Amino acid sequence: MSEGEEFTAETRRRGAERRRLWSPRLRASAVSLGWLLAATPVLGGGDAQRGAMVFAMAGGCGCHTASEGPVGAGGRELPTPFGTFYGSNITPDRETGIGAWSDDEIVTAIREGRRRDGSIEAPVMPYYLYAGMSDTDVRDLVAYLRGLPPVARVVPPARVTLPLPRLAYRAWRWLYAPALTPPASAPDDPVARGRYWVDHVAICGDCHTPRNRLGAPDAALYLAGTDDGPDGKPVPNITPDKATGIGKWAENHYVGLLRAGRLPNFDNIQGLMVEVIEGVAGGAGYKDLPENELRSLAKYLKTVPPVRHEVGE
Ligand code: HEC
């Protein structure tokens, strides 16, 4: 079996497991994922079935899905300190989505923040984190996106409060987007693999690392949480600091959270974390990942330098 087929089989098996346990809303999302996987052809360039796993690892690219769906059709409102943006339509509709873009153009938009017309994306799109996404993973992801049902939807233009926004995005990219050479494929060593997923695909730091006034991540507080997350609410410290982070968590606690949204004290997780675990409107999320990948995330997170940083309520 290829990795993609194994992922499909594993997802179906887990779907059956989940149907017994989960709420009707989750049940609907598990069923639609199964349907999407079954309907996804393997396209030239990347492996769309394996791309479904990359999509799940990317939290289902949830910024591009409005809460009522459809998956990838955009229109989700993304408030930021610099104005309100709307997730773009990344379905293969030729007029309003990315159906007319070449694979290379889509890859450049994801990893380099450069649109087809040459303009630079606003950093609300974390292209500077995806910059390290491997060649295989980004191609597989693109193949998966091409298999989404095309939706004709024009997304409202951003309402930006910055002067000269196009110039500002270009300057931001020059200042803060690191020059990374992405690897050919994800590393095999579990800790290195976990680090790669956390930093460049699952982008945990997009929410869990605080930002400076210009919206760039603060490296000294890597994964140490913030009082002011993307929706203005606190995001916890997930470094292994025993007092202010999650230094007491065992590997199974991470897996339980990422697979079922369950905290070690059996409370259910809330807020934006729910979206990346469950996916938005039936799209995939961390819950759909194979167990070995969830374990690689946990193994790496346990090696992150602990940072003492109290996050308020
Ligand atoms: C879209 C934003 C977002 C992303 C991306 C995200 N998280 Fe979270 N995470 C949150 C929020 C918000 C909470 C707090 C939820 C709550 O209040 O119940 C949270 C909670 C957690 C917790 C619970 C910590 C505690 O002390 O209770 C862990 C562990 C965690 N996230 C790990 C991760 C990992 C690992 C990743 C990447 C694989 C990740 N998160 C990606 C927003 C996010």
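The exercises below work through a predicted model of one chain.

**Exercise 1. Overall make-up**

State how many helices and strands the chain has, and what percentage of its residues count as buried.

Solution. Begin with the secondary structure: the chain holds 12 helices and 3 strands. Next take burial: 43% of the 313 residues count as buried. Last, consider contacts between residues at least 6 apart in sequence: 65% of these join residues at least 24 apart.

**Exercise 2. The sheet**

Give the strand order of the sheet and identify its edge strands.

Solution. Step one is the order, S1-S2-S3, in an open sheet with antiparallel pairing. Step two is the edges: strand S1 (77-80) and strand S3 (159-160) each pair on one side only. Step three looks at one pair in detail. S1 and strand S2 (residues 83-86) run antiparallel and are joined by 4 bridges. Across this pair, Pro 79 stands opposite Thr 84 in S2.

**Exercise 3. The largest nonpolar core**

Find which residues have the most contacts inside the largest nonpolar core, and work out where this core lies with respect to domain 1 and domain 2.

Solution. The core has 64 residues, and Phe 55, Met 57, Ala 202 and Leu 297 have the most contacts inside it. Helix H3 (residues 48-57) gives the largest share, 7 residues. Residues of the core come from both domain 1 (40-182) and domain 2 (186-313), so the core lies between the two. Now follow Met 57 outward. Setting aside neighbours within four places in sequence, Met 57 is in contact with Trp 197, Val 201, Ala 202, Leu 289 and Glu 293.

**Exercise 4. Leu 294**

Decide whether Leu 294 is buried or exposed, and list its contacts beyond four places in sequence.

Solution. First locate the residue: Leu 294 is in helix H12. Then count: Leu 294 has 23 C-beta neighbours inside 10 Å, and therefore counts as buried, the cut-off being 20 or more. Beyond four places in sequence, its contacts are Val 255, Leu 258, Arg 259 and Leu 289. Finally, compare sequence with space: Asn 252 is 42 residues from Leu 294 in sequence, and their C-alpha atoms are 9.5 Å apart.

**Exercise 5. The ligand shell**

Describe the residues around the ligand by number, kind and source helix.

Solution. The shell has 25 residues, the closest being Ala 202, Cys 204, Cys 207, Gln 270 and Met 273. By kind, 19 are nonpolar, 5 polar and 1 charged. By source, helix H9 (205-208), helix H11 (272-278) and helix H12 (291-301) each supply at least two residues.

Technical notes
Residues numbered from 1 in each chain as written. Predicted model: local features only at pLDDT ≥ 70, side-chain atom pairs only at ≥ 80, totals over all residues. Core = buried A, V, L, I, M, F, W, Y, C linked by C-beta atoms within 7 Å. Buried ≥ 20, exposed ≤ 12 C-beta atoms within 10 Å, placed from the backbone. Domains from an automatic or database assignment. Contact = placed C-beta atoms within 7 Å. Near = placed C-beta within 6 Å. Nonpolar A, V, L, I, M, F, W, Y, C, P; charged D, E, K, R; others polar. Pairing = 2+ DSSP bridges.
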